[in-house]
Amino acid sequence: MLALGAAACGGGGGATPAAPSGASGSAASSSGQSARAKPNFVFIMADDLDVEAIQHMYKLKPLMIDQGVTFANSFAATPICCPSRASMLTGRYSHNHGIWGNGRGANTCFEQFQRSGQEGSTVATWLKAAGYKTGLFGKYLNLYPGGGPNADNTYVPPGWDEWHAVFSSQGSDAYYDYFINENQKVVPYGNRSADYLTDVLVEKAAEFIKKSAGAPFFVWFAPNAPHNPAMPARRHENHYAGRGAPRGPAFNEEDMSDKPRYYREQPRLSSADIAEVDYLYRRRLETMLAVDDGIETLIQALHSVTQLENTYVIFASDNGFLLGQHRFPNGKAAPYEESIRTPLIVRGPGVPAGRSLSHDVANIDLAPTLAELAQASAADVDGRSFAALLGQSPPSTDTWRKDLLLEHELTTGGDGLPSWAAVRTKDYIFIEYASQSELEYYDLVNDPYQLQSRHGGLDAERRRTLTARLRQLQECRGASCRSNP
Ligand SMILES: [Ca+2]
Ligand SMILES: [Ca+2]
């Protein structure tokens, strides 16, 4: 199913050399023919999907994993919905785009992003300037279209040619009984099976692909699934009946005395709590089956317009999810592996089939990667393009990112977790909690489930080195975020 050809990355016989991200001037072409030589993008982003859950999708494996590259170490630098979405749109860390939580009331995350003028320079505007037709289908920034009296339900941000952003009257995520701003027309959806949100969005995205002859296209497909309240399509109800959440070593962690006070104070999960974890787990898997169907429909749509071989299909999530680990009945935003790790799978022109890579990549890398592959100009990004990792001969991990910043700030409308910042390498994670001067340090080689924080064993010099590197990353901007220690 793979064709070599128009890959912008090395080794695949690619005919189109990639312009460096950040190159001045746009490689845009208004001529349909030369623009069409560019690859298309279908970006499929689940919401709160953890890595474990993807093995329970049926079509993801043959259609994505077996056809492309799986990034075994992909992270959300700020592992909560809206900050991560802002990072995916801009290629920036939270400390540079300024979005730390989902917001609330008249100060929603969407409004913060809009007010700060950042919608004027996103991966959508960059790709549009480079000749792409762009379309968003699903969840945009949290609490779109805003909660204040001036909220405009017909608002369409710059950079988007086709706009199908979902919202509910409560501002919360909904699978039925919601509205879609369909290119400035607000359309209500009800409670029939045919109104199931994931299916409605798949249909719209597939139509966009089928209509898009002539110009390269960029699809941002972002269903709510499997975000709470995980609600499967009726055809998938009870598909995983009886299935319980995995009882890994961190499940309902017995001894939390190694951890900061906030976690120590969480009670152990009761059997009723655990029954709820199990129920949520299976509902989430069932909810993802409509996305699984959607992957197939979108790939068929690409095939029907003979663009499958010329399209990068990317499967990702905005953040991971905790289900019982470290006593979290459910949640994210914590610096623990299940929360910060995200699925990331890419197939496309020249991308080797069935390969897994161990390089550390993050949500801030997505926008610069798409910009490079599209020969578009990316403005002021912190992330690094992983386009070169999609070729036949990727650079070795020795030449790649050595450490990654992770950061979270306590905000109203957030998850209630204290603010923290962390530096993570393949060997360890060092976490600092600002307000309480508390620390965590996990040896990820010998303690991958983060059961015993070893911060007490760090000698003064080691601790100074770790803190200095963390501080450097917390203050980084642009190229300085990409330089190794
Ligand atoms: Ca999310
Ligand atoms: Ca412990």
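**Exercise 1.** Decide whether His326 is buried or exposed, and describe its backbone and its place in the chain.

*Solution.* With a relative accessible area of 0%, His326 is buried, a word that here means under 20% relative accessible area, whereas exposed means over 50% and partly exposed lies in between (1.4 Å probe, protein chains only). The model is predicted, so local features need pLDDT of at least 70 and side-chain atom pairs count only at pLDDT 80 or more, while totals for chains, interfaces and linings use all residues. Residues are numbered from 1 along each chain as its sequence is written, chains are lettered from A and ligands numbered from 1 in the order in which they are written, and side-chain values use heavy atoms, with hydrogens and water left out. Turning to the backbone, His326 has a positive phi of about 50 degrees although it is not a glycine. The residue belongs to the loop between strand S10 (311-317) and helix H10 (337-340), where helices (H or I, at least four residues) and strands (E, at least two) are DSSP runs, numbered from the N terminus.

**Exercise 2.** Describe Asp380 in terms of its phi, its loop and its accessibility.

*Solution.* Asp380 is not a glycine, yet its phi is positive, at about 55 degrees. Its loop runs between H11 and S13, and at 37% relative accessibility the residue counts as partly exposed.

**Exercise 3.** Set out the order of the strands in the open sheet, and then place helix H7 on this sheet.

*Solution.* Begin with the order, in which 10 strands follow one another as S8-S7-S6-S5-S9-S1-S10-S11-S2-S12, with mixed pairing; two strands pair if DSSP finds at least two bridges between them. The edges are formed by strand S8 (185-189) and strand S12 (355-362), each of which pairs on one side only. From one strand to the next, the twist averages 20 degrees, angles being taken from 0 to 180 degrees between N-to-C directions of axes that are lines fitted to C-alpha atoms, for helices over the stretch in contact. Helix H7 (residues 197-211) packs on the sheet, and its direction makes about 180 degrees with that of S9. The strands it touches include strand S1 (40-46), S5 and S6, contact meaning heavy atoms within 4.5 Å. Within the sheet, S5 and S6 run parallel and are joined by four bridges, and the partner of Leu136 in S6 is Trp163.

**Exercise 4.** Which residues coordinate the calcium ion (ligand 2), and which parts of the chain does the pair of Asp255 and Leu451 tie together?

*Solution.* The calcium ion (ligand 2) is coordinated at 2.2 to 2.5 Å by Glu253 (OE), Asp255 (O), Asp258 (OD) and Leu451 (O). Donors are N, O and S atoms within 2.8 Å of the metal (3.2 Å for Na, K and Ca), and since water is not among the atoms, sites may look incomplete. Along the chain, these donors follow the spacing E-x1-D-x2-D-x192-L. Because Asp255 lies in the loop between S9 and H8, and Leu451 in the loop between strand S16 (438-443) and helix H12 (460-474), the pair ties together parts that are 196 residues apart in sequence. Asp255 is partly exposed at 42% relative accessibility, and Leu451 is partly exposed with a relative accessible area of 29%.

**Exercise 5.** Locate the two cis peptide bonds that precede Pro145 and Pro229.

*Solution.* The bond from Tyr144 to Pro145 is cis, with omega near 5 degrees, and Pro145 sits in the loop between strand S5 (133-138) and strand S6 (162-167). The bond from Asn228 to Pro229 is also cis, with omega near -5 degrees, and Pro229 is placed in the loop between strand S9 (217-222) and helix H8 (261-264).
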